[in-house]
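Here's a quick walk through one protein model, from its sheet to its aromatic side chains. Keep the 3D view open as you read.

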Amino acid sequence: MKKLILLLSTLFLIIACNSKSDQIDKVADYYAAFNDSDYEQLKNHIADSISIVEGDYIMPFTHETFYEQFKWDSIFKPTYKVVALEQLNNQVLAKVEVHSLRFDFLKNNPLTCQHKISFEAGKITKFETLDCIDADWAIWEKERDSLVVWIDKRHPELDGFINDLSMNGAIKYLKAIDLYKNR
């Protein structure tokens, strides 16, 4: 009986360790899919519904709406570098450095943030931003607000780009940045 209990305990421990290492691998693969602009691969790692939490703001997504977010993000040509991954119970803590055209304009490039990533049934269900270590939100807001005011006065056809999280909104955002830089 003792041997059976020891064998079962060892088996459960192995399964638990493999599950946790699978979660870390899934997070690494998730970011690799972003870097490869491969939504089909990325979709394999997320649940049918996923939430992104930033402060008090919670954004729920389905696969279809997350794809729209993915397309918006891709316009800014981001590159993701996973700096650290750590298992914490049924979650993964990830420290990720992101370079993008938008962050460059907002003078926060790269933007390094820590995220808590939750899982259910082996799929990612939630990304919670815990902290953006090197962010200078005052500069971010100053640059963003300067751009919005300048565009409102000189290029009203681009009005609303800042809140339009569609691919077209991102294209307008990049056009606004280009016009502002070349004024």
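## Strands first, then rings

S4 and S5 run antiparallel to each other and are joined by eight bridges. Bear in mind as you look around that this is a predicted model. Within that pairing, Val96 has Cys113 in S5 as its bridge partner. On to the next pairing: S5 and strand S6 (residues 123-132) are also antiparallel, with eight bridges between them. Those two strands make a hairpin with two residues in between, and Ala121 in the turn shows a positive phi of about 50 degrees. Right by that turn, Glu120 stands opposite Lys123 in S6.

How much of strand S5 (residues 111-120) is buried? Seven of its ten residues are, so the strand is largely enclosed by the rest of the structure.

Zoom out and you get an open sheet of six strands, in the order S2-S1-S6-S5-S4-S3 and with mixed pairing. Strand S2 (57-62) and strand S3 (79-88) are the edge strands, each pairing on one side only. From one strand to the next, the twist averages 20 degrees. Over at the S2 edge, strand S1 (residues 46-54) pairs with S2 in the antiparallel sense over six bridges, and Ile50 has Phe61 in S2 as its bridge partner. Helix H3 (residues 63-74) packs on the sheet, where it touches S1, S2 and S3. The direction of H3 makes about 110 degrees with that of S2.

Now for the rings. A search of the whole structure turns up 18 aromatic pairs. Take Trp72 and Phe76: their ring centres are 5.0 Å apart and the planes meet at 70 degrees, so this pair counts as edge-to-face. Both residues are buried. Phe103 and Trp140 make a tilted pair instead, at 5.6 Å centre to centre with 45 degrees between the planes. Here Phe103 comes from helix H4 (residues 101-105) and Trp140 from helix H5 (residues 137-154), so the pair ties together parts that are 37 residues apart in sequence. Phe103 is buried at 8% relative accessibility, and Trp140 is buried too, with a relative accessible area of 13%.

There's also a bigger grouping to look for: ring pairs link Tyr30, Tyr31, Phe34, Tyr39, Tyr67, Phe70, Tyr80 and Phe127 into a cluster.

Some rings have a charge for company as well. Two cases where the charged end of an arginine sits over a ring:

| Arginine | Ring | Distance of charged end from ring centre |
|---|---|---|
| Arg102 | Phe76 | 5.5 Å |
| Arg183 | Tyr180 | 3.9 Å |

So Phe76 has Trp72 as an edge-to-face partner and the charged end of Arg102 over its ring.

Which residues does Ser100 touch, leaving out those up to four places away in sequence? They are Phe76, Lys77, Pro78 and Asn109. Ser100 lies in the loop between strand S4 (91-99) and H4, and it counts as buried at 7% relative accessibility. A polar atom of the Ser100 side chain lies 3.0 Å from the backbone nitrogen of Phe103. That brings us back to the tilted pair, where Phe103 meets Trp140.

Notes:
Residues numbered from 1 in each chain as written. Predicted model: local features only at pLDDT ≥ 70, side-chain atom pairs only at ≥ 80, totals over all residues. Heavy atoms only, no water. Phe/Tyr/Trp six-rings, centres within 6.5 Å; stacked < 30°, edge-to-face > 60°. Buried < 20%, exposed > 50% of the residue type's maximum accessible area, 1.4 Å probe, protein only. Helix = DSSP H or I, 4+ residues; strand = E, 2+ residues; numbered from the N terminus. Lys NZ or Arg CZ within 6 Å of the ring centre and 35° of its normal. Polar contact = N/O pair within 3.5 Å; in protein donor to acceptor, adjacent residues only side chain to side chain. Contact = heavy atoms within 4.5 Å. Pairing = 2+ DSSP bridges. Axes fitted to C-alpha atoms, helices over the stretch in contact; angles between N-to-C directions.
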